[in-house]
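Grab your viewer and work through a few exercises on how protein and DNA meet here. Try each task yourself before reading its solution.

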Protein chains: 2
Amino acid sequence: MTEPLTQSIQDYLKHIYELTERSQPASTTDLAARLNVAPASVTGMLQKLAAAKPPLVIYKKHQGVTLTKAGLRAALEVIRHHRLLETYLVNALGYTWDEVHEEACRLEHVISEEFEARIATALGHPNRDPHGELIPSADLTMPADQSTPLSSLRPGQSATILRVDAQDPNLLRHLDDLGLTPGIEIEVSAYSEFDHNLTVRVRRKSHVLGLNTTTKIFVEVDK
Amino acid sequence: MTEPLTQSIQDYLKHIYELTERSQPASTTDLAARLNVAPASVTGMLQKLAAAKPPLVIYKKHQGVTLTKAGLRAALEVIRHHRLLETYLVNALGYTWDEVHEEACRLEHVISEEFEARIATALGHPNRDPHGELIPSADLTMPADQSTPLSSLRPGQSATILRVDAQDPNLLRHLDDLGLTPGIEIEVSAYSEFDHNLTVRVRRKSHVLGLNTTTKIFVEVDK
DNA sequence: TCTATTATTTAGTCTAACCTAAATTATTGT
DNA sequence: ACAATAATTTAGGTTAGACTAAATAATAGA
Ligand SMILES: [Mn+2]
Ligand SMILES: [Mn+2]
Ligand SMILES: [Mn+2]
Ligand SMILES: [Mn+2]
């Protein structure tokens, strides 16, 4: 229905999705920070999105926004593009996982459904991107996320890395150097209850990881 | 030098390049037609491009525009993107030659130099796109075009198709059905001097082609 | 409960790129 | 050479999406 959504609107919806994923409406300020835009600009756009036909968000002054059905579909469409693109850049064109975000962020608004379908096929219809983020299916449903943050594991537990929730290229390269990437088996050997550091064994080496790292790595705990 | 050129400016420069390729400044009206924009809008943009620092075009009221050095480089940059993309879509993603133009026209403004370099490498640094159009080199020089229009051949001459200068998907599919695609050997067996039809032998079959077709196919004549 | 701080919204501007209508300039056929 | 026609430019407007500064609302701490 209706005219195509602008780039800018697509980015707003994508970020609203991400901010509201764990319920809670998204605040003006958080959106402004993510979108690199002044808070006043966000207010203006949110009013517009709420007034669109059909409305893309539910917005109440001073109380944040959430997506409507239509807004959610549009957001998942962009996110599917983004994550498929990242996967394609890595698997087919040899990018590393720290190089793909910006490229995907520009391309996501511009590829056709044809292009989307062709790269999905070329990749064998993956469900996760190079960072382990889930890729919405072609019919725009987001698979359920079963992962636990690494920070919640304790000595003796072992797990498989599912997902790394970071965009900072330096951090991504660092994690790659340590071998902390999706699919990898790890084991927790120590925990410091004062600074919350975890000692993690990967590839036969141990590393002490701080909270800043362990809250960004999500795993499936072995049983 | 300077800020990145907008999509719109990139498209203007690309079309000015194409219109001025056979010398002659490009007219406001021709540009308007190609860009699907009102003539008045073109005038406005041309004034802006001429006033840019550095100037991208040379523009004199009522006399059309040509590209400056800087404008030429920018145009070739976009054209290289466009043609590499078309080639990639066909060779790597299985598009047919009638499906690629629009997709490339959107992507051309958005891919990074990194992306350009990677697809160029993946393709083995081609010099022609799927229609046989020459691809500017990475250092932004356009190879010389050595081709002759098929319409200038006469019975007895044989040639290899180098290039097909058409965007209309229906025409492209038709030519593909006949086997009139770059790289193919053809032989002219008859000419009608009244309607300028040529009878052309391709793949052991003969076809009578009108001027509308034969001026869009460019060949290298066998010696 | 009141005040200080922070978050959010309003008001007023700006820029890019387009538009239409009217005015002007060029060109062409006689 | 000149009127009719065609091409081009000017003038004035619109829209999307941003910005800054000022006003207002919410919240938290004493
Ligand atoms: Mn984006
Ligand atoms: Mn899609
Ligand atoms: Mn384009
Ligand atoms: Mn380039």
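**Exercise 1.** Sort the residues of the surface near DNA strand D into nonpolar, polar and charged.

*Solution.* Start from the total: in this predicted model, 21 residues surround DNA strand D. Next, split them by class, which gives eight nonpolar, eleven polar and two charged. The closest ones are T6(A), S41(A), K48(A), T29(B) and Y59(B). Then look at the DNA side: sugar and phosphate make up 83% of the strand D atoms that come within 4 Å of the protein.

**Exercise 2.** Find what lies 2.8 Å or 2.6 Å from a phosphate oxygen of DNA strand D.

*Solution.* Begin with chain A, where a backbone N or O atom of A38(A) sits 2.8 Å from such an oxygen. Now hop to chain B: an N or O atom in the side chain of T43(B) is 2.8 Å from a phosphate oxygen, and for a polar side-chain atom of Q47(B) the distance is 2.6 Å. Finally, map the elements that give two or more residues to this surface: α1 (7-20) and α3 (39-51) from chain A, plus α2 (28-35) and α3 (39-51) from chain B.

**Exercise 3.** Work out which elements supply at least two residues each of the surface near DNA strand C.

*Solution.* Count first: 20 residues surround DNA strand C, with T29(A), Q47(A), Y59(A), T6(B) and K48(B) the closest. Then assign elements: chain A brings α2 (28-35) and α3, while chain B brings α1 (7-20) and α3. Last, check the phosphate oxygens: polar side-chain atoms lie 2.3 Å away for Y59(A), 3.0 Å for K61(A) and 2.6 Å for S41(B).

Definitions and conventions: Residues are numbered from 1 along each chain as its sequence is written. Chains are lettered from A and ligands numbered from 1 in the order in which they are written. This is a predicted model: local features need pLDDT of at least 70, side-chain atom pairs count only at pLDDT 80 or more; totals for chains, interfaces and linings use all residues. Side-chain values use heavy atoms; hydrogens and water are left out. A residue is near a molecule or strand if one of its heavy atoms lies within 4 Å of it. A polar contact is a pair of N or O atoms within 3.5 Å; within protein, one must be able to donate a hydrogen and the other to accept it, and residues adjacent in sequence count only if both atoms are side-chain atoms. Helices (H or I, at least four residues) and strands (E, at least two) are DSSP runs, numbered from the N terminus. Ala, Val, Leu, Ile, Met, Phe, Trp, Tyr, Cys and Pro count as nonpolar, Asp, Glu, Lys and Arg as charged, and the others, Gly among them, as polar.
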